[in-house]
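Hi,

Here is the structure I promised to pass on. Have a look at it first, and then read my notes underneath.

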Amino acid sequence: MSIFSKLLSKKNSAEDPRETCGKRAGFLGIALNILLAAGKITFGSIAGALSVVADGLNNLTDCGSNIVSVIGFKMSGKPADREHPFGHRRAETIAALVISVVILAVAAELALQSVEKLFAPEPVAFSVGLLVVLGVSVLVKLFMFVMNRSLARDYSAETFKATATDSLSDAIATSAVFLSLLISHYSGFDLDGYMGIAVAVFIAFSGASILKDTVSSLIGKAADEQIIKDIEQRIGSFAGVQGIHDLLIHDYGADKFYATVHVEVDSHMPIMAAHDLADDIERDFSTHTNIILTVHIDPLVYGDPRVDLYRGKAQQAVESVDITLRMHDFRVVGGETHSNLVFDVAVPFDCKLSDSEISRRIREKLVSENENVDAIITVERQNIE
């Protein structure tokens with residue numbers, strides 16, 4: 001845990017540290033942004049520097065973003081209820097979405113004002129006070145970037161990530177305004193309008209990046225690869241587990257995951273033992289992780305020569321189509337003269353073959369090489385490493 005987390009969550013043990021840090025960081029951001037906005041708008045208006053005034057207005061909108069983040073953390077800390085049984089963690093993502101929209105709106109307004117100044121330029125009254133305000137602003141924004149980035153690492157919160165990105169963008173934008181004032185003063189060439197456009201474009205890219213990430217989260221992006229590996233390794237450590245498949249992870253906000261998985265066991269395992277295994281795995285995840293896991297037991301036949309023979313042939317047929325395909329849930333159904341090989345095939349999303357084409361190729365290879373055999377194949381698209 002970073003020093004910022006320790007300082008911001010201090011003396012409030014009754015509240016969730018995540019919520020405490022989020023609200024206190026938000027209130028600190030409001031205070032700092034108000035001071036920066038007041039200084040830039042005042043000195044910028046006196047000097048007639050549009051880029052400085054616009055930078056101050058950007059800080060003023062950041063106050064609104066900080067208010068949104070405080071509300072977001074307050075809402076995300078609410079417990080689950082009848083209308084929201086999975087909790088309110090996604091309120092943080094909504095807050096980050098609002099912040100991104102505000103950033104884009106500021107960028108658009110700044111671009112319009114800067115274009116207007118290109119056609120109607122006004123001289124800028126250079127002053128040391130103006131440079132001091134901008135220099136202090138850069139340092140404050142860098143501090144806010146470091147603080148929010150550290151909090152984002154501690155709590156994996158979308159709002160902290162969005163605020164950190166916004167703060168770094170502000171620091172770079174203000175640095176550009178600072179340099180443009182110096183160049184304009186000593187070269188005699190007015191860069192105010194051009195720099196305003198450059199700053200607007202930079203801010204827009206920052207807002208678009210945050211918007212893309214938050215929309216992806218709301219739509220339902222794939223779980224982090226490391227989380228998937230950790231789940232697979234943890235389940236695989238239990239005695240009796242032969243394999244797993246159909247792992248689905250649902251993200252309801254940072255540190256709030258629900259998942260389902262099919263666990264393969266030997267069909268000879270007693271039903272009560274299989275039930276206990278599922279309970280043990282679910283209890284382990286509930287106790288030691290932030291994942292609420294539901295386990296489905298799949299009993300499969302192992303050690304039967306006939307089944308093992310057909311399993312190997314089916315695996316070869318699957319790999320002949322594409323080495324990245326994965327087979328699971330294999331069963332042999334039928335009698336002495338005819339057998340159906342029933343199994344699922346997991347296909348990566350980037351595979352160019354259609355589901356029907358994959359199924360057709362696998363079935364044709366199996367049927368052509370094995371008499372009195374047919375295949376019933378279920379194709380499903382998944383993230384496969």
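Below is what I found, starting with the pocket and moving on to the salt bridges.

One thing to keep in mind throughout: this is a predicted model.

First, the pocket. The largest pocket holds about 730 Å³ of space. It is lined by 26 residues, and those closest to the pocket's centre are Ile228, Glu232, Leu247, Gln382 and Asn383. If you want to find your way around by secondary structure, look at α8 (225-236), β1 (243-251), β4 (326-334) and β6 (373-382), the elements that each give two or more residues to the lining. The top contributor is β1, with 8 residues. As for chemistry, the lining splits into 11 nonpolar, 6 polar and 9 charged residues.

Now the salt bridges. There are 12 in the structure, and a few are worth pulling up on screen.

Start with aspartate 280 and arginine 283, whose closest N and O atoms are 3.2 Å apart. Both sit in helix α9 (residues 271-288), and because they are 3 residues apart there, about one helical turn separates them. Aspartate 280 counts as partly exposed, since its relative accessibility is 37%. Arginine 283 is partly exposed too, at 48%.

Next, aspartate 374 pairs with arginine 363, with 2.9 Å between the closest N and O atoms. Here the partners come from separate elements: aspartate 374 is in strand β6 and arginine 363 in helix α11 (residues 355-369), so this salt bridge ties together parts that are 11 residues apart in sequence. Relative accessibility is 22% for aspartate 374, which makes that residue partly exposed. Arginine 363 is also partly exposed, at 37%.

Staying with helix α11, lysine 365 forms a salt bridge with glutamate 369, and their closest N and O atoms are 2.8 Å apart. The two are 4 residues apart in α11, so they are separated by about one helical turn. What about their exposure? Lysine 365 is partly exposed at 27% relative accessibility, while glutamate 369 reaches 51% and therefore counts as exposed, the cut-off being over 50%.

Finally, have a look at Glu357, Arg360, Arg361 and Glu364: salt bridges link these four into a network.

That's everything from my side. Shout if you'd like to go through any of it together.

Cheers

Note on methods:
Residues are numbered from 1 along each chain as its sequence is written. This is a predicted model: local features need pLDDT of at least 70, side-chain atom pairs count only at pLDDT 80 or more; totals for chains, interfaces and linings use all residues. Side-chain values use heavy atoms; hydrogens and water are left out. On a 1 Å grid over the protein atoms alone, a cavity is a set of points where a 1.4 Å probe fits but cannot get out, and a pocket is an open set with protein on both sides within 12 Å along at least five of seven lines; lining residues have an atom within 4 Å of a point. Grid points are joined across faces, edges and corners, and a volume is the space filled by probe spheres set on the points. Ala, Val, Leu, Ile, Met, Phe, Trp, Tyr, Cys and Pro count as nonpolar, Asp, Glu, Lys and Arg as charged, and the others, Gly among them, as polar. A salt bridge is a side-chain nitrogen of Lys or Arg within 4 Å of a carboxyl oxygen of Asp or Glu. Buried means under 20% relative accessible area, exposed over 50%, partly exposed in between (1.4 Å probe, protein chains only).
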